[in-house]
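Okay, thanks everyone for coming. Let me pull up the structure, and then I'll walk you through a few places in it.

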Amino acid sequence: MANLTPELEAERKRICKIAKDCGLDCFETIFELISYDQISQFASYGGFPVRYPHWKFGMEYEQLSKSYEYGLSKIYEMVINTDPCYAYLMEGNSMMDQKLVMAHVYGHCDFFKNNIWFSKTNRKMIDQMANHATRVRRYIDRYGYDEVERFIDTCLSLENLIDRHSILNGPPKMTEPKPAINKSEQFMFKVEKSYMKNYINPPDKVADQKAKQFEIDSQKPEFPAEPVRDILSFLIHYAPLEDWQQDILTIIRDESYYFAPQGMTKTLNEGWASYWHSYMMTRHILNDSEIIDFADHHSGTMFMQMGGYNPYKVGIELFRDIEERWNKGQFGREWEQCDDVRERKNWDKKTGLGREKIFEVRKLYNDVNFIDEYLTEDFCVRNRMFVYKLNKETNQFEVDTRDFKAIKAQLLFQMTNFGQPIIKIENANFENRGELLLHHVHEGLDLQPNYMDATMQNMYKIWKRPLNLVTLMDNEPQLFRYDGTEYTRHSLGDEKKSEPEQREFPKS
Amino acid sequence: MAIREDQSRFKSIIKGKVRDDFKRYVTNGELIGRREDEFVKIPIPRIDIPTFRYGPKQNEQGVGQGDGDKGDGQGGKPGPGKGEAGDQAGEHMIEVEISMEELAEILGEKLELPKIQPKGAKNIFTEKNKYTGIAPVGPEGLRKFKQTYKKALARYISSGTYNPQDPAIIPIRRDFQYRTVKKTQMPYTKAVVIYMMDVSGSMGDEQKEIVRLESFWINTWLKKHYKGLETRFIIHDASAKEVDEDTFFKTSESGGTLISSAYKLCQQMIQSEYSSSEWNIYPFHFSDGDNWSGEDTRLCLTLLREFFLPHVNVFSYGQVESKYGSGQFLKDLQKEFGTDERLTLSQIEGRDKILSSIKDFLGKGK
């Protein structure tokens, strides 16, 4: 498969050996030399050679290939988390660039193989994706392009509604039976002649039955018993879908879960790969003539733009910081309790545990607990970090604060759930009418209203019963409802609590 | 490559969006400003798959690195998109490039315009030279390397002298292949559009903008049917002169209006340069319908009847509504010619009517 030139192949062997000597533990890695057009294609397919047909890949491709042609951006490196690992080199890059990419890729490879969040991913995903493509094409043949495309659009709209926590446990098993929707007044007999009404269904009997029914309803267990984060799986199990639709939704969910760990470990992964490319390049790989180019390229990658977060930069700096601290023994109770600035500055217990520690970090952490545990005040001060905010008057970003807690809170917020809102299914038989009640766990930011509206309409297409979403909008608890034709909002303010529509809220 | 399929699907979705919103683009002058050779750039809302996501505030805050105190500007500006108060945020626009040809197609579909039947000239063919042939002899400058190589390779393989270890191929004399001329018959159609516009005092900026938009779209449509379409521009008030495109749309004169002056100049132009047996001729005249005198109008009518209508494909007159114009000329034409097929009349009350007016002009398929 690999089609490297003899020069590149020689370098690859050398770099592979160096990586191994550094302690990196990779899957076999296959490099392919491809043209920019191919790399744009693979990149728009998320790194894979074959995906199901969909215009979003076409849009991605259009943007990537255009921005390359106009010289606005260039993809240097791409690597797929499979076993063996596939990575791509671009034709026409300089030798130094190719070596840099290879060193970087071995870092990623080691990370994919060893980080715990990847322990459950399907390492044969290339085949799996190709199977997905075949299945979708088969449905297209049977049900028509437009029909299938419309359904995929709908599914993609819900793509991010998965539960990151079940990455390690595998998809949740949903075995509860879906409660039947109660048709009102089932206990009434059919009356054909209206004058017989009161004889066939005596009013007092009916009232009696109603009360009983109400009792039964109110004792019915909640469905689902616990709020559900994995909305996609829930819909796959309980929504009234045709077989092919269920299969497509499953495809979207599986792909979503496949990509999830990469989103969860972006900073860690890029930091790790950058740490190792820098380490290996400067110590073992570069020759004298390449050092300037390398420095230029490396610093370009590490540059932290104003108004943008650079995972490469934060990642590599944190890894270096951790290594230094554990080399000098700057951890543990004694270190934490020491207040003497001078003593802290010269603290060196020569523990030499740094290398071991960073390998441990790359194994056990994801971005959230990585930042939570290793982002220290010293680190923020040394790296001159700050929180910026948009000044609406000047329409410019301004430094807001250099307070350590604020920086950390901001970073953690950005990373929790990939910076995406957390939405749960609270009740799938809301008001005993088979309606869906969703709850947005508000963490300081409102949802984008027009997108929320459109997404709910898409979810309705799958659930086929009215949807309700509780969220905080403009500092006011509100319930948004879409019943298939109309989109309404109801305030959940205290004074209106008595209205039947809102009697179950707010819920903790 | 499978990506091509997705890409063309994406492009057809885009084109559908342009089609849905076509009227807005027609009446909006900025599109013409974005013309680049054969392409126009059209801003359309980014097509997006909706998901639950945070509102615009998400991008207003983040972590950065560097010097500066509280309140110091960071220079960076938030992404594109005008942040007007109360405006719907998050509407990203992307620009798509659409070729004039495609644009003309959309115009045609939208207005259900018939294909133009070039008049006469059907049997006139020209011979054109195209370098599509291959010959064993020719000048070195036209040597086709690939074909030569293939030929040589074939010779090596068939003679059994090809050595994969040393795959050098040395072509000999009889391997060489050259491009050569092939004569092709091309149907021969020539077309000229002559735009005439009244620039007298009563034609305001808005009226001229309407003419500009309308002529742009007419040009687009005609260009699709006639390769190498010629365009000429004539402005007139009491006297007429030929100008270039730029001047045509920018000039504003004052004074009286003698429509016949323009018609006479146009007549000269046609007589001297565009013989009607060879050329498809499309004169367009735009004015606010005011003419100096009834006598001049009569002269125009005579010119039309005796010269223009027999010689041109179709003569089009567009009357742009203006505060000052009486609109008399249109009525005179209607009275005189009634429903003559060779004359199209259109009244353009405002920007909204541009599309229907284009339909008036081009709907006959002539």
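One bit of vocabulary before we start: a residue is called buried when its relative accessible area is under 20%, and exposed when that value is over 50%. Also, please keep in mind that this is a predicted model.

So, buried or exposed: what is A:E62? A:E62 has a relative accessible area of 13%, so it's buried. You'll find A:E62 in helix 3 of chain A, which covers residues 55-69. And what does A:E62 touch, leaving out residues up to four places away in sequence? The answer is B:Q7, B:F10 and B:K11.

Staying with chain A, let's go to helix 17, residues 367-374. Which of its residues are buried? They are A:D367, A:F370, A:I371 and A:Y374. If you look down the axis of helix 17 of chain A, those buried residues fall within an arc of 95°, so they line one face of the helix. The general background is that an α-helix has 3.6 residues a turn, so residues three or four places apart point the same way. What covers the buried residues of helix 17 of chain A includes five other helices of the chain: helix 10 (243-264), helix 11 (266-285), helix 13 (311-328), helix 16 (354-364) and helix 19 (404-415). At the N-terminal end, helix 17 of chain A is capped by A:N366, with a side-chain oxygen 2.9 Å from the backbone nitrogen of A:V368.

Now the sheet. Chain A has an open sheet of five strands in the order 6-7-8-9-10, and the pairing is mixed. Strand 6 (422-430) and strand 10 (487-491) of chain A sit at the edges with a single partner strand each, so one side of each has no neighbour in the sheet. On average, neighbouring strands of this sheet are turned by 25° against each other, ignoring direction.

Here's where the mixed pairing shows up. Strand 9 of chain A pairs with strand 10 of chain A in the antiparallel sense, over five bridges, and A:L479 stands opposite A:H490 of strand 10. Those two strands, 9 and 10 of chain A, make a hairpin with four residues between them, and A:G484 in the turn has a positive phi of about 105°. By contrast, strand 7 (residues 435-441) and strand 8 (residues 467-473) of chain A pair in the parallel sense, over four bridges. There, A:L438 has A:L469 of strand 8 as its bridge partner.

Which strands does helix 20 of chain A, residues 449-463, touch as it packs on the sheet? Helix 20 touches strands 6, 7, 8, 9 and 10 of chain A, and its direction makes about 160° with that of strand 8. Helix 9 of chain A, residues 231-238, lies across strand 6 and strand 7, running at about 25° to strand 6.

Last stop, chain B. This chain has 366 residues, and 44% of them count as buried. Its secondary structure comes to 11 helices and 12 strands. The domain assignment gives domain 1 (125-185) and domain 2 (190-362) of chain B, and their centres, taken over C-alpha atoms, are 55 Å apart.

One residue to finish on: B:Q271, in helix 8 (residues 259-273) of chain B. B:Q271 has 52% relative accessibility, so it counts as exposed.

Methods:
Residues are numbered from 1 along each chain as its sequence is written. Chains are lettered from A and ligands numbered from 1 in the order in which they are written. This is a predicted model: local features need pLDDT of at least 70, side-chain atom pairs count only at pLDDT 80 or more; totals for chains, interfaces and linings use all residues. Side-chain values use heavy atoms; hydrogens and water are left out. Buried means under 20% relative accessible area, exposed over 50%, partly exposed in between (1.4 Å probe, protein chains only). The arc is that of the directions from the helix axis to the C-beta atoms. Contact means heavy atoms within 4.5 Å. A polar contact is a pair of N or O atoms within 3.5 Å; within protein, one must be able to donate a hydrogen and the other to accept it, and residues adjacent in sequence count only if both atoms are side-chain atoms. Two strands pair if DSSP finds at least two bridges between them. Axes are lines fitted to C-alpha atoms, for helices over the stretch in contact, and angles run from 0 to 180 degrees between N-to-C directions. Domain bounds come from an automatic or database domain assignment.
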